[in-house]
Amino acid sequence: MMRQFGSMTMRLCLLILAAGIVLASCGSSTSSTGTSSTTSSSTTSNTSGSVNATPTTASMPGSVVVKVATISLNGQSTAILTDTQGKTLYYFTPDTPTQSACTGGCASTWPPLLFQGSGSPQSASPLPGKLSVVHDAHGQQVAYNGHLLYRYAGDTAPGQAHGNGIGGRWFVATPSLSVLATPTPGGSQYKY
């Protein structure tokens, strides 16, 4: 009887854990393939505790909203874009340059990077691409080379990239991110 109760408790815990993973990935059943750690002397902690599900609003003097940091991503040292607190920024492949495909519960897990400053958003370091603002359902969302930028609620400390690869549609934004072309009416932005 005791062994049966322990087995049922274990199954219930595994079921709850699986449901949490599914919810954290906006309904996707694929888990992250990226691993990360910071290259500074601080260590990256595991994801634990509560997650911040509010949009990141950037309103620093001089309109700086993005920084560049170097982390270990998939075993390689990689330059990435972060918000001003050092949290990793992501892009979502279903987005277009003018509209977010991440709304409702998705935006709770993937808070958009919003711009509250005047003028244009800036980077603390020179970037090869262009930062811009897109007026969408979230407000004034920051974009890099046409890709709308988000944080992942599962990243609890700077240097983490737990959201990379989730669902095969969420990826870490890097300074070398290519320009996202605006889809043409009746056509696809992808060349098949």
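User: In what order do the elements of the chain run from the N terminus on?
Analyst: This is a predicted model. The chain holds two helices and ten strands. From the N terminus on, the order is α-β-β-β-β-α-β-β-β-β-β-β.

User: Which residue in β3 is the bridge partner of Ile-71?
Analyst: β2 and strand β3 (residues 76-82) run antiparallel and are joined by seven bridges. The two strands form a hairpin with two residues between them, and Asn-74 in the turn has a positive phi of about 55 degrees. Within this pairing, the partner of Ile-71 is Thr-78.

User: Do β2 and β6 pair in the parallel or the antiparallel sense?
Analyst: Strand β6 covers residues 122-123. One bridge links Val-64 to its partner in β6, Gln-122. Over two bridges, β2 and β6 pair in the sense called parallel.

User: Which strands each supply at least two residues of the largest nonpolar core?
Analyst: The largest nonpolar core has 17 residues. Those with the most contacts inside it include Tyr-90, Trp-110, Tyr-150 and Trp-170. The strands that each give at least two residues to this core are β2 (64-73), β4 (90-92) and β10 (170-172).

User: How many residues does the second, separate core have?
Analyst: This core stands apart from the largest one, and among its members are Val-66, Tyr-91, Leu-113 and Tyr-144. Its number of residues is 14.

User: Which residues is Val-172 in contact with, leaving aside its neighbours within four places in sequence?
Analyst: Val-172 is one of the residues with the most contacts inside the largest nonpolar core. With its neighbours within four places left aside, the residues in contact with Val-172 are Leu-73, Ile-80, Thr-88, Leu-89, Tyr-90, Tyr-91, Ala-161 and Asn-164.

User: Why is the pair of Tyr-90 and Tyr-152 classed as it is?
Analyst: A search of the whole structure finds seven aromatic pairs. In this one the ring centres lie 6.3 Å apart and the planes stand at 75 degrees. Planes over 60 degrees apart count as edge-to-face. The angle of 75 degrees is over that cut-off, so the pair of Tyr-90 and Tyr-152 is edge-to-face.

User: How many residues apart are Tyr-90 and Tyr-152?
Analyst: Tyr-90 and Tyr-152 are both buried. Tyr-90 sits in strand β4, whereas Tyr-152 belongs to the loop between β9 (147-148) and β10. The pair therefore links distant parts of the chain, with a separation of 62 residues.

User: What is the angle between the planes of Tyr-150 and Trp-170?
Analyst: Tyr-150 is buried, as is Trp-170. Tyr-150 lies in the loop between β9 and β10 and Trp-170 in strand β10, so their pair ties together parts 20 residues apart in sequence. The centres are 5.1 Å from each other and the pair is edge-to-face, with an angle of 85 degrees.

User: Which residues form one aromatic cluster?
Analyst: Both pairs described above belong to it: Tyr-90 with Tyr-152, and Tyr-150 with Trp-170. The full cluster is Tyr-90, Phe-92, Trp-110, Tyr-150, Tyr-152 and Trp-170.

User: What share of the residues of the chain count as buried?
Analyst: The chain exposes about 10,400 Å², of which carbon and sulfur atoms supply 58%. The chain has 192 residues, and the buried share is 40%.

Definitions and conventions. Residues are numbered from 1 along each chain as its sequence is written. This is a predicted model: local features need pLDDT of at least 70, side-chain atom pairs count only at pLDDT 80 or more; totals for chains, interfaces and linings use all residues. Side-chain values use heavy atoms; hydrogens and water are left out. A nonpolar core is a set of buried Ala, Val, Leu, Ile, Met, Phe, Trp, Tyr and Cys residues joined through side-chain atoms within 4.5 Å. Buried means under 20% relative accessible area, exposed over 50%, partly exposed in between (1.4 Å probe, protein chains only). Helices (H or I, at least four residues) and strands (E, at least two) are DSSP runs, numbered from the N terminus. Contact means heavy atoms within 4.5 Å. Accessible areas come from the Shrake-Rupley method with a 1.4 Å probe; for residues, only the protein chains shown count as cover. Rings of Phe, Tyr and Trp (its six-membered ring) pair if their centres lie within 6.5 Å; planes under 30 degrees apart count as stacked, over 60 as edge-to-face and the rest as tilted. Two strands pair if DSSP finds at least two bridges between them.
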